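User: I would like to go through the aromatic pairs of this protein and understand how each label was reached. Please set the values against the cut-offs as we go.

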Amino acid sequence: MRRLLLVLPLVLIVGCKKDVTQGAVKVTVNYTRFLPGCLRVQARDVESGKELTQDVTELRGTRAQGGTMTVGVGPPTDWGKTVEVRATAFEQACVGDGVVTDSQRVTLVMDAIQDTTLTLQAVDADQDGYVDVSSNGTDCRDDRPDINPGVEERCNEVDDNCDGMGDAEHFQLNTACSTSADCHGVYRCDLTDFVQFCDTPPSSSVYPDNDRDGHGRLGSEARIVCTAVPEGYTAGPPDDCDDDAYRIHPGSPDRCDGEDTNCDGEKDEGFPQLTEVCTDSFQCAGAYACAADALGVTCVSTVTPTSWYPDEDGDGFGTATGEVRSCVKPAGAYVANNTDCNDGNPYTYPGASEICDGLDNNCDGATEDVQTVCPGSVAPTWSSRNIGVSGNGNMRDWYSASAWTKGGVWMGGDDNRRARLVPPATSFTVITDGSCGASSSQWRSIWADPGNNGRAWLGSEGGKKAHQSLTAAGCTEVQDDDQWIFGMTGLRTNNVLTIYGAASPTEVSTATTGRVFTWDGSGTPTYNNHNDNPLPRVEDVHGFSQTHLLLVGGQSNAPRVLRFNPSNNRWVTENAEQNTSGARPLKGVWVVNERVAFAVGNEGTVLRKVDGSTWVKQGFPNNDNLTSVIAFGAASAYATCASGHIYGYNGASWSRIHDGSGGYNDITGTAPDDLWVVGTGGRVVRWPAWP
């Protein structure tokens, strides 16, 4: 076999050859005014019809001028002497019939190469690689390189790809189309971008909104609609981190609920107090937690607060009303039980010892056993005796009395007389010596000092101030200033005794000539300055402490109560006329504690101080002129009157508990089973029995 080799740009077409050469053909192919995309060169044996074919795609030249290609043909030895050579030009690939063809027949000469030329001429005026249809090409607009079969059809009323199909048919213009399940329209041309589009009514993106809060479910896919927003959807953004909770969405106020309320990735960030320690409304330790309304925080404690109850009488047992729940004991008198059957009497509480007072002291529902509790094993009663006979055989008046221990009492009266009962004695010792002045002295006030073994401090209507010890035969006069003394009491502050007295220049003084003194018992008393601290007529003084020391009297037929101010030693008016309409001037006062006090006066006037500040006029059964009062609690008080009666208060009402004769001036005692009443004609009344 022999092969003829030709150097590019030649193309070689060969077959199997015998030893004897029979010649070859050199074919020159000229293509003008266009550059084929593919060139097919064929050699055919005219005698047998056998063919050799070679396709060439890498052609030299320009689209405007064309070019030339040389092909060498070496026919096989079994071919005849006549060979037909043909060249066919194609626009793109060697597919189909081609655009233009040229052929020649050549007679082979032994051992010689025959030259032949083939010419291919076509028009590609716009040089887009496609030949004008007039040159058997496919370019329907050879004057525009953007129009040919190789371009993509555009929706512009032009046959861009030369397929002979109009835009209406190609793009199915005016036929029904849909951009989504909810948007329907017809196909139209976009004359800006020359593309087909589905012309629908204005569309919008909507998102699932299960909780109807205007925010779509976070991460949900849009649903395109051209109608109204469907039920269960929103045109709002898909940013709802909890589409099942209406109050949770971006922009929602940050609520205290353990939820990311505003979808910012944080929970309860607006409530920095959460988990901080706190004290709740019951003063119990706890930690802040979200409030029930989720708008703020509240202090939550796992500690159960204690129930505290008022203990008005200070006996350690509270009443069933007025409960205060707290982990800290409230200020004032409170205890952690409510079992007191009478919270106004310090001698009455569960487990108390029964005393001879006719009351149920131990709260067992029964009064005392007279046989085991009462003196002489007899029922308690108010028993009366006349104490102290004058030189002419007449009984004189007792004006004041003061007890310092159970069964121990001092009395002061007419004719410079004093009397004392010192336990375990059973009868009074009446003292009539003149050591404290003339026999005409009337001891209008007396106070027995429990801190000094019952020493008696005395004040007379003429202004004498004296003292007498239990063992002394006579008294010691210290001061005489002509001031009538109507009441005295003593208080120890830091173990220093101060005596307070209610006085007046005369027995019947004007409305603003009341005097009150403080005295240490050894020097000259200090009286109030009328210019700086004027006082009405005063009748009695009593106190629990310096800050709870009261002075009573009256002016203009109205009650007056004054309280001592230890910071400046002034007496300050308490508004005793508030809630006391109809009350009259006061004659006696008794302070039980910092919360409770009683004051009594003319025409059945009884005032009670409650809650440490408010005075209330109590109902009274008649218009007796009351002279003195003693109290042991808010529900345990006794009063005397000028008509010889004794009244008792049980926390609910006042009632007459004893009828006597003459008049009663003062009452004293240490407990409800140790009471003494003194009055006119030497009368002394004792409860529950004489010793």
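User: Are Trp676 and Trp690 buried or exposed?

Analyst: In this predicted model, both Trp676 and Trp690 are buried.

User: Why is the pair of Trp676 and Trp690 called edge-to-face?

Analyst: Their ring centres are 5.5 Å apart and the planes stand at 75°; since rings pair if their centres lie within 6.5 Å and planes over 60 degrees apart count as edge-to-face, the pair of Trp676 and Trp690 is edge-to-face. Trp676 belongs to strand β47 (residues 674-679), whereas Trp690 sits in the segment after β48, 14 residues apart.

User: How many aromatic pairs are found in the whole structure, and what makes the pair of Trp382 and Trp687 tilted?

Analyst: The search finds 17 aromatic pairs. For Trp382 and Trp687 the centres lie 5.3 Å apart and the planes meet at 45°; planes under 30 degrees apart count as stacked and those over 60 as edge-to-face, so this pair, falling under neither heading, is tilted.

User: What makes Trp382 and Trp687 count as buried?

Analyst: Buried means under 20% relative accessible area; Trp382 has 9% and Trp687 has 13%, so both residues are buried.

User: Why is the pair of Trp382 and Trp687 said to tie parts of the chain together?

Analyst: Trp382 lies in the loop between α2 (370-373) and β21 (383-386) and Trp687 in strand β48 (residues 683-687), so the pair joins parts that are 305 residues apart in sequence.

Note on methods. Residues are numbered from 1 along each chain as its sequence is written. This is a predicted model: local features need pLDDT of at least 70, side-chain atom pairs count only at pLDDT 80 or more; totals for chains, interfaces and linings use all residues. Side-chain values use heavy atoms; hydrogens and water are left out. Rings of Phe, Tyr and Trp (its six-membered ring) pair if their centres lie within 6.5 Å; planes under 30 degrees apart count as stacked, over 60 as edge-to-face and the rest as tilted. Helices (H or I, at least four residues) and strands (E, at least two) are DSSP runs, numbered from the N terminus. Buried means under 20% relative accessible area, exposed over 50%, partly exposed in between (1.4 Å probe, protein chains only).
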